[in-house]
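Visitor: I have just opened this entry and would like a walk through it. Could we begin with the terms you will use?

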Amino acid sequence: MDDIAIARALHVLAIVHWIGGVSMVTLVLLPSLMRSVPAADRLALFERIEGRFGKQARVSTIIAGVSGFYMTEKLDAWDRFGDPSLWWMHAMVAVWAIFTFVLFVAEPLFLHRWFHERASREPEGTFQLVWRMHIVLLSVSLAAVAGAVLGSHGVVF
Ligand code: HEM
């Protein structure tokens with residue numbers, strides 16, 4: 001087994017954990033909290049569960065990024081970023097950059113505080129907004145996954 005195969009396996013494992021977790025939060029956790037948990041208890045419960053996943057997702061994004069750039073270097077694939085038909089390369093990096101910014105910069109600096117204050121004042125509207133943002137991020141992530149699997153196995157768009 002060569003090093004690119006190992007990097008690919010690590011890449012996919014990290015993506016499964018990370019995007020799978022985003023699916024769980026978007027499609028199960030947020031709708032259940034909004035439907036079944038009283039507004040007064042919702043924030044504390046969400047922060048406890050999502051905070052735990054957020055820490056794990058940081059590790060997954062690092063593994064996905066390192067393995068992704070390693071494969072790009074080893075496959076000598078940097079020129080792909082100049083080819084629009086290989087849009088899925090850009091999509092992967094864009095998804096990675098958005099989550100890296102949110103997890104490592106926005107959340108610790110201001111997003112967590114903003115969410116906590118707004119959800120304490122106006123839980124219904126804030127949870128709806130956060131849910132919609134998760135739906136957008138999940139959709140873009142799944143499009144990147146589908147594009148990357150098809151594209152890296154020879155499908156030309
Ligand atoms: C820094 C960010 C990233 C870089 C540089 C990167 C780079 C790569 C490279 C070079 C490949 C191998 C392509 C080939 O074999 O021709 C790959 C595969 C793949 N990547 Fe990424 N990637 C990144 C982030 C992501 C993200 C965020 C996702 C998910 C949304 C993702 C999903 C995938 C998938 C599903 C494959 C295909 C695996 C397979 O079927 O063999 N990657 N990536």
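Guide: Certainly. Helix axes here are lines fitted to C-alpha atoms over the stretch in contact, and angles between N-to-C directions run from 0 to 180 degrees. Please keep in mind that this is a predicted model.

Visitor: With that in hand, at what angle do helix 1 and helix 4 pack, and how far apart are their axes?

Guide: Helix 1 and helix 4 pack at about 150 degrees, and their axes are 10 Å apart. Because an angle over 145 degrees counts as roughly antiparallel, that makes helix 1 roughly antiparallel to helix 4. Their crossing is left-handed.

Visitor: Which residues of helix 1 meet helix 4 there?

Guide: On the side of helix 1, the residues are I15, I19, V22, S23, V25, T26, L30, L33 and M34. They meet a set in helix 4 that includes F127, W131, H134, L138 and V145. By class, this contact has 14 nonpolar residues, four polar and no charged.

Visitor: What about helix 1 against helix 2: what is the angle?

Guide: The axes of helix 1 and helix 2 cross at roughly 155 degrees and come within 8 Å. That makes helix 1 roughly antiparallel to helix 2, and the crossing is left-handed. The residues of this contact comprise 18 nonpolar, seven polar and five charged.

Visitor: And helix 3 with helix 4, parallel or antiparallel?

Guide: Their axes come within 10 Å and cross at roughly 165 degrees, which makes helix 3 roughly antiparallel to helix 4. The crossing of helix 3 and helix 4 is left-handed. Among the residues that helix 3 brings are W87, W88, M92, F115 and R118, while those of helix 4 include P123, F127, A144, A148 and G151. This contact divides into 14 nonpolar, four polar and one charged residues.

Visitor: Let me step back. How many helices and strands does the protein have?

Guide: There are four helices and zero strands, and the order from the N terminus is α-α-α-α. The C-alpha trace spans about 55 × 25 × 25 Å along its principal axes.

Visitor: What share of the residues is buried?

Guide: Buried residues account for 18% of the 157 residues. As for contacts with a sequence separation of 6 or more, 83% of them join residues 24 or more positions apart.

Visitor: Changing topic to the ligand: which residues come nearest to it?

Guide: There are 23 residues around the ligand, and G68, M71, M92, A148 and S152 come nearest. The elements that give two or more residues to this shell are helix 1 (3-36), helix 2 (39-74), helix 3 (87-121) and helix 4 (123-152).

Visitor: How many residues of that shell are nonpolar, polar or charged?

Guide: The shell around the ligand has 16 nonpolar residues, six polar and one charged.

Visitor: I also marked a few single positions. Where is D76, and is it buried or exposed?

Guide: D76 lies in the loop between helix 2 and helix 3. D76 has 8 C-beta neighbours inside 10 Å, so it counts as exposed. The phi angle of D76 is near 50 degrees, a positive value in a residue other than glycine.

Visitor: What does L103 touch, aside from its neighbours within four places in sequence?

Guide: L103, a residue of helix 3, is in contact with G54, A57, R58 and T61. With 19 C-beta neighbours inside 10 Å, L103 counts as partly exposed, because buried status takes 20 or more. The C-alpha atoms of L103 and V28 are 21 Å apart, with the two positions 75 residues apart in sequence numbering.

Visitor: Two more, then: where are E47 and I49 placed?

Guide: E47 is in helix 2, and the place of I49 is in helix 2 as well. E47 counts as partly exposed, with 15 C-beta neighbours inside 10 Å. I49 is partly exposed, with 14 other C-beta atoms within 10 Å.

Visitor: How far is E47 from F115, and I49 from L29?

Guide: E47 and F115 are 9.9 Å apart, C-alpha to C-alpha, and 68 residues apart in sequence. For I49 and L29, the C-alpha separation is 8.9 Å, and they are 20 residues apart along the chain.

Technical notes. Residues numbered from 1 in each chain as written. Predicted model: local features only at pLDDT ≥ 70, side-chain atom pairs only at ≥ 80, totals over all residues. Near = placed C-beta within 6 Å. Nonpolar A, V, L, I, M, F, W, Y, C, P; charged D, E, K, R; others polar. Parallel < 35°, antiparallel > 145°, perpendicular 65-115°, else oblique. Left-handed = near helix turned anticlockwise from the far one by under 90°. Contact = placed C-beta atoms within 7 Å. Buried ≥ 20, exposed ≤ 12 C-beta atoms within 10 Å, placed from the backbone.
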